[in-house]
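Me: I'd like to learn how to read a structure feature by feature. Can you walk me through one?

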Amino acid sequence: HGLKMTEESDHNNSTFTVDYVKNLVKKKDEIEEQIKAYYDVLEDQKGVGMDGPLVDVEGYPRADVDVFQVRTARHNISCLQNDHKAIMLEIEEALHQLHAREKAKRAWDEAEAREEAMEQARSPPQPFARVDAITPGSPASLAGLHVGDEIVEFGSVNSVNFQNLQNIAMVVQHSEGKPLSITVIRSGQTVHLGLTPQRWSGRGLLGCNIVPLRK
């Protein structure tokens, strides 16, 4: 008994899928085929159609047509036409539901994206260190770092995992000759730079002095 319940609830969830609509359209086409076949039967019976008389002038069943076959065909056509009407309504409803669901999903996605953007706007990344000196011609200078830049990300180091300058020194040593992605805040704007620590004529691999910001 429990199983039946789950089947039913599954059915409700999946009622208005694209496949379901395709299936309805297929059924509709089949009904139209059947209606056409019965109309052909009526056509063969001297073209009596849906309304041609089945009795002769004296009120006797016509001898030139198969009255039973005509009646059966007419009955089936009117039943099928009702089915056709019903399935057209069902298709319309399913398309409507499908459209409404797409619309709801779109609205939901947009709301989520907005929420995410708001979240990021509310909590801008926090700087953890500042550049307080740069030697001209050094890797730091060539990368476009400026004195006063507040560092938000230095390779894998950010405000969450930064403890002391040793963290930056480690990253620099491990990245000799490899570009590091650096994000700084410069006069209120976020700036992304690529800095490659390497040997040059001066001291160290960067040629700049970085001081931690007090939290």
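Reply: Sure, let's start with the overall layout. This is a predicted model, and the centres of domain 1 and domain 2, taken over C-alpha atoms, are separated by 70 Å. The domain assignment of the protein chain places domain 1 at 18-122 and domain 2 at 129-212.

Me: Let's look at domain bounds and helices together. Where is Ala 104 found?

Reply: Ala 104 is found in helix H3, which covers residues 67-122. Its relative accessibility is 47%, so Ala 104 counts as partly exposed; the cut-off for exposed is over 50%. As for distance, Ala 104 and Thr 17 are 87 residues apart in sequence, and their C-alpha atoms are 15 Å apart in space.

Me: Now pockets. What's the general idea, and what volume does the largest pocket have?

Reply: The general idea is that rolling a probe the size of a water molecule over the atoms shows where empty space is left. In this model the largest pocket has a volume of about 440 Å³. It is lined by 17 residues, and the closest to its centre are Gly 204, Leu 205, Leu 206, Gly 207 and Cys 208.

Me: Which element gives the most to the lining of the largest pocket?

Reply: That's H5, with 5 residues. Strand E1 (129-134), helix H5 (165-174) and E6 each supply at least two residues of the lining. By residue type, the lining divides into 11 nonpolar, 5 polar and 1 charged.

Me: Let me pick one of the residues closest to the centre. Is Gly 207 buried or exposed?

Reply: Gly 207 counts as buried because its relative accessibility is 10%, and the cut-off for buried is under 20%. Gly 207 lies in the loop between E5 and E6. Leaving out residues up to four places away in sequence, Gly 207 touches Ile 134, Thr 135, Ser 138, Ala 140 and Trp 200. Arg 186 is another story: Gly 207 and Arg 186 are 21 residues apart along the chain, with 19 Å between their C-alpha atoms.

Me: Cys 208 was on that list too. How many disulfides does a search of the whole structure find?

Reply: The search finds 0 disulfides. As for accessibility, Cys 208 is buried, because its relative accessible area is 19%, whereas Cys 79 is partly exposed at 33%.

Me: Next, the stretch after E6. What does Leu 213 touch?

Reply: Leu 213 sits in the segment after strand E6 (208-212). Not counting residues up to four places away in sequence, Leu 213 touches Pro 127, Phe 128, Ala 129, Arg 130 and Glu 150. Take Phe 128: Leu 213 and Phe 128 are 85 residues apart in sequence, yet 5.2 Å apart in space, C-alpha to C-alpha. With 22% relative accessibility, Leu 213 counts as partly exposed.

Me: Last one: backbone angles. Which loop holds Lys 46, and what is its phi near?

Reply: Lys 46 lies in the loop between helix H2 (18-44) and H3. Its phi is near 55°, a positive value in a residue other than glycine. Lys 46 counts as exposed, because its relative accessibility is 56%.

Me: And where does Ser 187 lie?

Reply: Ser 187 lies in the loop between strand E4 (180-186) and strand E5 (189-195). Ser 187 also has a positive phi, of about 40°, although it is not a glycine. Its relative accessible area is 72%, so Ser 187 is exposed.

Technical notes. Residues are numbered from 1 along each chain as its sequence is written. This is a predicted model: local features need pLDDT of at least 70, side-chain atom pairs count only at pLDDT 80 or more; totals for chains, interfaces and linings use all residues. Side-chain values use heavy atoms; hydrogens and water are left out. Helices (H or I, at least four residues) and strands (E, at least two) are DSSP runs, numbered from the N terminus. Buried means under 20% relative accessible area, exposed over 50%, partly exposed in between (1.4 Å probe, protein chains only). Contact means heavy atoms within 4.5 Å. On a 1 Å grid over the protein atoms alone, a cavity is a set of points where a 1.4 Å probe fits but cannot get out, and a pocket is an open set with protein on both sides within 12 Å along at least five of seven lines; lining residues have an atom within 4 Å of a point. Grid points are joined across faces, edges and corners, and a volume is the space filled by probe spheres set on the points. Ala, Val, Leu, Ile, Met, Phe, Trp, Tyr, Cys and Pro count as nonpolar, Asp, Glu, Lys and Arg as charged, and the others, Gly among them, as polar. A disulfide is a pair of cysteine sulfur atoms within 2.5 Å. Domain bounds come from an automatic or database domain assignment.
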